[in-house]
Structures are given as C-alpha cells and as structure tokens.
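User: I have a structure open on my screen and I'd like to know what stands behind the labels people put on its residues. Can you take me through them?

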Amino acid sequence: MSSPLVSAEWLQAHLHDNDLCLVDCRFNLMQPQQGRDQYQQGHLPGAVYLDLEQDLSAPKGDRGGRHPLPDIEALAARLGAIGISSDPATLVVAYDASFSAFASRLWWLLRYLGHERVAVLDGGLAAWQAIGGELVTDIPAIAPAEFQPNPQTGWVVDAAGVKVAQARGQVLIDSRETDRYRGDREPIDPVAGHIPGAQLAVWKEALDEKGYWRLPSEQQQRWQHLSTAVQPIIYCGSGVTACVNLLSWELAGRSPAQLYAGSWSDWCSDPENAIATGEE
C-alpha cells in the first residue's frame, strides 16, 4: 500500500473490487456488545465484523493486560475464515466509529503478521455517511481463504523488554489522555499513573476533531522532537489506541516502532513495578 489510509470516495469507487475485504471494527470498551449490535443494525456493504475482545485479542489473564495479543494461529484462522488471503494478498480496509482506534488495531495486527495490503478508512463510518454511502443489514456470504502469518516478532515487547529498554535509555511513548498519564484520573485500570520515564503523545492528536487523520506533514511535526534514528516503544492502556500512534508514526515516514502490547494495564498489574504518577 502506498498509504495506510483510504478515503471514503476511494472506497466507494472500489467497493466491489474482487480482492477487497472490508472489516467493521466498531467496539465500545464499556459496552462490549455494542459494536456487534451496531454492525447488525447497519454496516457498509460487504463488510464483515471483527470483535476487539473475541477476535483481535486473547482472553484476559492475570498478566498481559486487558487486551493481550491474540494467538497467532487463531487469528490467522479467523482472518482466513472472513476471506483474507495472504497469497495473493487481499486488500483489507478497516473502519470504526471511534477515531480509528479499533480499525488501527486491526491495521497493526495485519502488518505484524506480515500482511502489507491493509488500510484504515479515513474518517471512519462518519466519512462514509458524509458522502451519502449506504448502510445495509445483509450479512455477506464469504468464501474462506488461506492466511499464512509471518509475524514480525521484533515489533512487540513485554514488560521485561520495557525494563531492558529503560536501562538503555530507549524512548517510551504513552498514548493515553493527559490526565490518565499524570495519574489524576484512571477510569479503567486499578492503578493510576504512567511508566517511569515515558513521554506523552496523546493518540487523538493524530486526528482532527472530526476523526480525519492529519496530513503527513502534521504527523511529522508530532514526532519531530525525536531523532529519525529513534525506534520508540509505544503503549496505551491495553495496546489498542497505541496502534493509532503507531499508524501516525508510519504516516510521518518513520521506520516501524515497537508496541508494548500489555501496556499500562499489564505494567500496573505487577506490584514490583515502580509507579510514576507525576509529570517528568
């Protein structure tokens, strides 16, 4: 893909391409069934649904965060079941209604599995509706395909990897809202604060107030304080909205950054970890 984004106008023109798989990723962290219900009430023509917690995450355990990365073989089987082929490579376009948070998770997961032909619908569902795009309730009949994963193992770190990175001075980026980073508020996880030494780059700042992605030049400005030689570790609450910053990093023309998949929800579950709650 020349860009990890496609416009609603482009999608409308290519909606019936034989090699296109359109994926609805809508989800609500507080109401997990809502995204699936919304899909059933109306979705883009031909779109299939993938659920953050059932498809794009492994079951939550004692460690690993609220949304651990899914088992690679299980995810590969699910992707094949909805018609995504690795050879020839299917073009996957993901969308949601949450500032691309969940669509970006699928974008990153596919890239992590070595699938390059994937993009996010710029502006999400609202952009499609703004050009008069229709919504349907029909569930598409999908011919299964074979998806062979080729995981980029160096793109992911765990808590131990973060500690090694801290010792060598590698940059950590916290993607959450400012008050959660500061420890003033924590609506989901049991402990407030951030990983010691982490810098803040709020994920929503990669998009404008309507949910459209900012221009590549603006993405470059977001990261201009970091050398082009830097490969940061990016995290959030549970490894979801960090993927928005990972996409922003790519739009800025940078080499792939790393994801701390367990993120803050994993880090703060270990009582041995020092908790930083103030700005640094």
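Analyst: Below we go through some labels and the values behind them. Keep in mind that this is a predicted model.

User: Let's start with S248. Why is S248 called buried?

Analyst: Buried means under 20% relative accessible area. S248 comes out at 0%, so the label fits. The residue is found in helix α9, which covers residues 242–251. Leaving out residues up to four places away in sequence, S248 touches A206, W213, Q219, R222 and W223.

User: W223 shows up there. What makes W223 and W249 an aromatic pair, and what kind?

Analyst: Two rings pair if their centres lie within 6.5 Å, and planes over 60 degrees apart count as edge-to-face. For W223 and W249 the centres are 5.2 Å apart and the planes sit at 75°, so this is an edge-to-face pair. W223 lies in the loop between α8 (216–222) and β9 (233–235), while W249 is in helix α9, so the pair ties together parts that are 26 residues apart in sequence.

User: Are those two tryptophans buried or exposed, and how do you know?

Analyst: Set them against the under-20% cut-off for buried. W223 has a relative accessible area of 0% and W249 has 1%, so both count as buried.

User: How many aromatic pairs does the structure hold?

Analyst: There are 5. One of them joins F27 and F102, with ring centres 5.7 Å apart and planes at 70°. The centres fall within 6.5 Å and the angle is over 60 degrees, so that pair is edge-to-face as well. F27 lies in the loop between β2 (20–24) and α2 (34–41) and F102 in helix α4, so the pair ties together parts 75 residues apart in sequence. Both F27 and F102 are buried.

User: Which residues touch the most other members in the largest nonpolar core?

Analyst: That core has 72 residues, and V23, L44, L79, L106, W108, L121 and W213 touch the most other members. Its largest share, 9 residues, comes from helix α4 (residues 101–112). Take W108: beyond residues up to four places away, W108 touches L69, W155, V156, C243, L246 and L259. There's also a second, separate core of 13 residues, including V157, A159, V162 and C268. As a general point, nonpolar side chains in soluble globular proteins tend to be buried together.

User: Now the surface. Why does I188 count as partly exposed?

Analyst: Partly exposed is the stretch between the two cut-offs, under 20% for buried and over 50% for exposed. I188 has 32% relative accessibility, so it lands in between. You'll find I188 in the loop between α7 (178–182) and β8 (199–200). Together with L29 and M30, I188 forms a nonpolar surface patch with about 270 Å² of accessible area.

User: What makes D55 and R78 a salt bridge?

Analyst: The cut-off is a side-chain nitrogen of Lys or Arg within 4 Å of a carboxyl oxygen of Asp or Glu. D55 and R78 meet at 3.0 Å, N to O, so they qualify. D55 is in the loop between β3 and α3 and R78 in helix α3, 23 residues apart. D55 is buried at 12%, whereas R78 is partly exposed at 28%.

User: And what about R180: which network is R180 linked into?

Analyst: R180 is linked in a network of salt bridges with R66, D174, R176, E177, E186 and D189. The closest N and O atoms of D189 and R180 are 3.7 Å apart. E177 and R180 meet at 4.0 Å, N to O, and since the cut-off is within 4 Å, that pair is counted too. R180 counts as buried at 8% relative accessibility, and so does D189 at 7%. E177 is partly exposed at 27%. By this rule the count comes to 15 salt bridges.

User: Last one: how do you know that H67 is buried?

Analyst: Its relative accessible area is 3%, and buried means under 20%, so H67 qualifies. H67 lies in the loop between β3 (48–49) and α3 (72–81). Residues up to four places away aside, H67 touches L29, L52, E53, S57, R105, S238, V240 and A261.

Notes
Residues numbered from 1 in each chain as written. Predicted model: local features only at pLDDT ≥ 70, side-chain atom pairs only at ≥ 80, totals over all residues. Heavy atoms only, no water. Helix = DSSP H or I, 4+ residues; strand = E, 2+ residues; numbered from the N terminus. Buried < 20%, exposed > 50% of the residue type's maximum accessible area, 1.4 Å probe, protein only. Contact = heavy atoms within 4.5 Å. Patch = residues over 30% accessible without salt bridge, like charges linked within 9 Å, V, L, I, M, F, W, Y side chains within 5 Å. Areas by Shrake-Rupley, 256 points an atom, 1.4 Å probe, with all protein chains shown as cover. Core = buried A, V, L, I, M, F, W, Y, C linked by side-chain atoms within 4.5 Å. Phe/Tyr/Trp six-rings, centres within 6.5 Å; stacked < 30°, edge-to-face > 60°.
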